Amino acid sequence: MKILLVDDSRTMRNIQKSVLGQLGHTEIEEACDGQDALSKVWAYEPDLLLVDWNMPNMNGLDFVKAYRQKDKTTPIIMVTTETEKSRVIEAIKAGVNNYVVKPFTPDLLSQRIAETMEKVSA
Amino acid sequence: MNADFIRPFISSVQNVFSMMVQLQITIQDPVIKTESKTTYDVSGIIGLSGDVVGNVVLSFPTDAAERIVTLFTGMEMTSEHEDFADAIGELVNMVSGNAKADFKDRDVSISCPSVVIGHDHTIGRPKEIPCVAIPCQSDCGDFVIEISIQDRSANSSSASDVSAAAA
């Protein structure tokens, strides 16, 4: 499974990559903000996107909206500190399939990925 | 400062450090901080805007920061490492993000974090917003959360709120 990791923090990308590696996912592309992600996503064609919200240049929500204009189906998990109900609703309306709140345990991230991919394949 | 702003930071720092760094944090009594110089040499700074305005600083001695970041990233890391500042920024991002979720009925945005590393640096704060410093102890060393935030519509704050928050 090809995964696109979008987060301005290299620390968080490394942490997520490590967790994904433990789950057997090694095909990972990284982007440091929404604009960087948009420049990579169409050529990379990921099977799953993990997207942070608060990023410089283009935030995660704006990236999701732009991405969903062309791709309505590839699953997106938002990995973010934004927890308010209004933000979650905003993200879901934009086209996010699932949500992981930072801080997260590896088990939680793994669970959310499994849930998301199961729903998509159903 | 509203005590309801301080308690979320106390639970947030404990939650974030426990989950991401596997470190237990002991909280000491908050105090009002009057000088603008940060307590220690490594500062992660987040701005808040919206219904609550101001900034939050996680301030670490360099050696404590290095130990914490090494645990957080799983890699030996000194303050010279190119990813050190990023790791500090991510810690203050998570502490602030988690805390603001507990601000009842307030729409608040947090900025992308900034990190300053250097002895005796000063961080500017709006003069009308008092700063509350929450000392934290851990097996990696002491650090402090410095909170300078208030309701956008607030006109005054009370030092007695500080002791109420510690209760």
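Start with the contact between chain A and chain B in this predicted model. Select its residues: 18 come from chain B and 16 from chain A. On chain B, helix 1 (3-20) and helix 3 (84-100) each supply at least two residues of the side that touches chain A. Colour helix 3 of chain B separately, as the largest share of that side, 8 residues, comes from this helix. Colouring by residue type splits the side of chain B that touches chain A into 8 nonpolar, 7 polar and 3 charged residues.

Keep helix 3 of chain B selected and add helix 2 (residues 62-73) of chain B. The two helices pack with their axes 10 Å apart, at an angle of about 80°. Helix 2 of chain B is therefore roughly perpendicular to helix 3 of chain B. Next, show side chains where they meet: Ala65(B), Val69(B), Phe72(B) and Thr73(B) belong to helix 2 of chain B, and they face Phe84(B), Ala87(B), Ile88(B) and Leu91(B) in helix 3 of chain B. By type, the residues of this helix contact are 7 nonpolar and 1 polar, with no charged residue.

Now move to chain A and select Met58(A), in the loop between strand 3 (48-51) and helix 3 (60-70) of chain A. Is Met58(A) buried, exposed or partly exposed? Met58(A) is partly exposed, because 18 other C-beta atoms lie within 10 Å, while a buried residue would need 20 or more. Add Asp33(A), Gly34(A), Gln35(A) and Phe63(A), which Met58(A) contacts when its neighbours within four places in sequence are left aside. Finally, check the distance from Met58(A) to Gly34(A): 4.5 Å from C-alpha to C-alpha, although they are 24 residues apart in sequence.

Definitions and conventions
Residues are numbered from 1 along each chain as its sequence is written. Chains are lettered from A and ligands numbered from 1 in the order in which they are written. This is a predicted model: local features need pLDDT of at least 70, side-chain atom pairs count only at pLDDT 80 or more; totals for chains, interfaces and linings use all residues. Two residues are in contact if their C-beta atoms, placed from the backbone, lie within 7 Å. Helices (H or I, at least four residues) and strands (E, at least two) are DSSP runs, numbered from the N terminus. Ala, Val, Leu, Ile, Met, Phe, Trp, Tyr, Cys and Pro count as nonpolar, Asp, Glu, Lys and Arg as charged, and the others, Gly among them, as polar. A residue is buried if 20 or more other C-beta atoms lie within 10 Å of its own, exposed if 12 or fewer, and partly exposed in between; C-beta atoms are placed from the backbone. Axes are lines fitted to C-alpha atoms, for helices over the stretch in contact, and angles run from 0 to 180 degrees between N-to-C directions. Angles under 35 degrees count as roughly parallel, over 145 as roughly antiparallel, 65 to 115 as roughly perpendicular and the rest as oblique.
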